[in-house]
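Here's a quick briefing to read with the model open in your viewer. Have the residue numbering switched on, and we'll go topic by topic.

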Amino acid sequence: MSTLVADTVSKRFGGVTALSNVSLELREGEIHGLIGPNGSGKTTLLNLLTGYYQVDEGDIRLDGESLARSPVQQRPRVGVARTFQKPRLLGSLSVLDNAMLGGWCETRAGFLETALALPRARREERALRDRAEELLHGVGLGYAIHRRASLLDHAEQRFLEIARGLVMRARFILLDEPAGGLTEGEIEHLASIVTALRDAGIGVLLVEHHTDFVFSVCDRVTTLNLGRMIKHATPAEVRSDPEVIRVYLGA
Ligand SMILES: Nc1ncnc2c1ncn2[C@@H]1O[C@H](COP(=O)(O)OP(=O)(O)OP(=O)(O)O)[C@@H](O)[C@H]1O
């Protein structure tokens with residue numbers, strides 16, 4: 001089974017210990033929730049798993065192989081994608097072009113071939129375009145393919161970021177607060193997308209404060225508090241754990 005693993009990782013920022021000896025195993029074909037109070041280290045862990053930060057201690061492994069020292073630019077090539085708390089899109093480009101940006105890392109034509117529109121470059125671009133269009137339809141943005149990305153509403157931007165990650169053939173996709181700012185109806189749509197990803201064998205990490213959403217779609221949930229892992233279990237077990245209730249969920 002394919003796995004993306006954080007193995008006893010620690011991360012400090014100056015005097016702040018953001019994470020201390022935290023482990024998490026994301027498996028292919030599962031939705032894994034990561035919850036905890038503000039500042040508990042969730043985004044830091046996502047940034048370590050995706051190579052945006054380097055670990056101070058511990059290791060990040062993909063299928064047993066260490067990624068801890070490989071640069072962030074390598075992550076798309078190995079099939080690890082992410083989205084951001086605030087969607088990062090190129091607003092002046094079309095929705096389709098933004099989605100296609102996820103796929104350039106796998107094209108083989110060089111700069112000159114592309115610039116001269118030589119046959120291989122044209123073939124690759126067509127394939128990438130087809131794939132991006134298909135995935136945009138898949139996340140429900142088929143109607144907006146030629147719209148400027150800056151004209152999308154917040155939920156549409158989130159779905160576009162997911163499509164962009166999928167265009168790069170992600171095996172793992174890590175979503176940073178994807179339900180933030182979404183309506184109940186949009187969250188239902190998001191749930192149908194992440195469930196479809198799981199069914200397609202992709203491992204999904206959900207960093208999320210919307211706990212009803214997390215508990216309804218996740219297979220397993222990890223809870224952090226003050227940079228430490230306090231509970232890792234099924235949604236039902238996490239939801240009823242006294243420590244998780246005390247530090248996060250409330251009575
Ligand atoms: N780049 C950084 N520089 C300095 N401190 C940071 C940095 N990133 C995170 N921290 C600190 O690390 C701790 C964990 O932050 P992190 O953003 O990972 O928490 P979080 O659980 O994702 O919070 P939230 O739910 O509010 O997004 C916090 O104390 C935060 O201030």
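What follows starts with the overall layout and then takes the ligand shell, the sheet, the first helix, the core and the domain contact in turn.

Keep in mind that this is a predicted model. The protein has 10 helices and 10 strands, and of its 251 residues, 41% are buried. If you take contacts between residues at least 6 apart in sequence, 68% of them join residues at least 24 apart.

**Around the ligand**

- Which residues surround the ligand? Going up in number, they are Phe13, Val16, Ala18, Gly36, Asn38, Gly39, Ser40, Gly41, Lys42, Thr43 and Thr44.
- Sorted by class, that shell holds seven polar residues, three nonpolar ones and one charged one.
- Strand 2 (16-27) and helix 1 (42-49) each put at least two residues into the shell.
- Helix 1 gives the most, with three residues.

**The sheet and its hairpin**

- Strand 2 also belongs to an open sheet of four strands, which run in the order 2-1-4-5 with antiparallel pairing.
- At the edges sit strand 2 and strand 5 (65-66), each of which pairs on one side only.
- Strands of a sheet are held together by backbone hydrogen bonds, in either a parallel or an antiparallel arrangement.
- Strand 1 (residues 3-13) and strand 2 are antiparallel partners, with eight bridges between them.
- Want two pairs to look up? Alanine 6 sits opposite leucine 24 of strand 2, and phenylalanine 13 has valine 16 in strand 2 as its bridge partner.
- That second pair ties back to the ligand, since Phe13 and Val16 are both among the residues that surround the ligand.
- The hairpin made by strand 1 and strand 2 has two residues between the strands, and glycine 14 there takes a positive phi near 55°.

**Helix 1**

- Is helix 1 largely enclosed or open? Seven of its eight residues are buried, so helix 1 is largely enclosed by the rest of the structure.
- The buried ones are Lys42, Thr44, Leu45, Leu46, Asn47, Leu48 and Leu49.
- Lys42 and Thr44 are also in the list of residues that surround the ligand.
- Just past the end of helix 1, glycine 51 has a positive phi of about 85°.

**The nonpolar core**

- The largest nonpolar core counts 68 residues, and Ala99, Ala163, Ile173 and Leu206 have the most contacts inside it.
- Helix 6 (residues 154-167) gives the most to this core, with seven residues.
- Both domains take part: domain 1 (1-79 + 170-251) and domain 2 (90-167) each contribute at least three residues to this core.
- What does alanine 99 touch, leaving aside neighbours within four places in sequence? Its contacts are Ala132, Leu135, Leu136, Leu160, Ala163, Arg164 and Val167.

**Where the domains meet**

- The protein splits into domain 1 (1-79 + 170-251), which comes in two sequence segments, and domain 2 (90-167).
- Their contact takes 10 residues from domain 1 and nine residues from domain 2.
- On the domain 1 side that touches domain 2, helix 2 (75-78) and helix 7 (184-199) each supply at least two residues.
- Helix 7 gives the most to that side, with three residues.
- By class, the domain 1 side of this contact has six nonpolar, two polar and two charged residues.

Definitions and conventions: Residues are numbered from 1 along each chain as its sequence is written. This is a predicted model: local features need pLDDT of at least 70, side-chain atom pairs count only at pLDDT 80 or more; totals for chains, interfaces and linings use all residues. A residue is near a molecule or strand if its C-beta atom, placed from the backbone, lies within 6 Å of it. Ala, Val, Leu, Ile, Met, Phe, Trp, Tyr, Cys and Pro count as nonpolar, Asp, Glu, Lys and Arg as charged, and the others, Gly among them, as polar. Two strands pair if DSSP finds at least two bridges between them. A nonpolar core is a set of buried Ala, Val, Leu, Ile, Met, Phe, Trp, Tyr and Cys residues joined through C-beta atoms within 7 Å. A residue is buried if 20 or more other C-beta atoms lie within 10 Å of its own, exposed if 12 or fewer, and partly exposed in between; C-beta atoms are placed from the backbone. Domain bounds come from an automatic or database domain assignment. Two residues are in contact if their C-beta atoms, placed from the backbone, lie within 7 Å.
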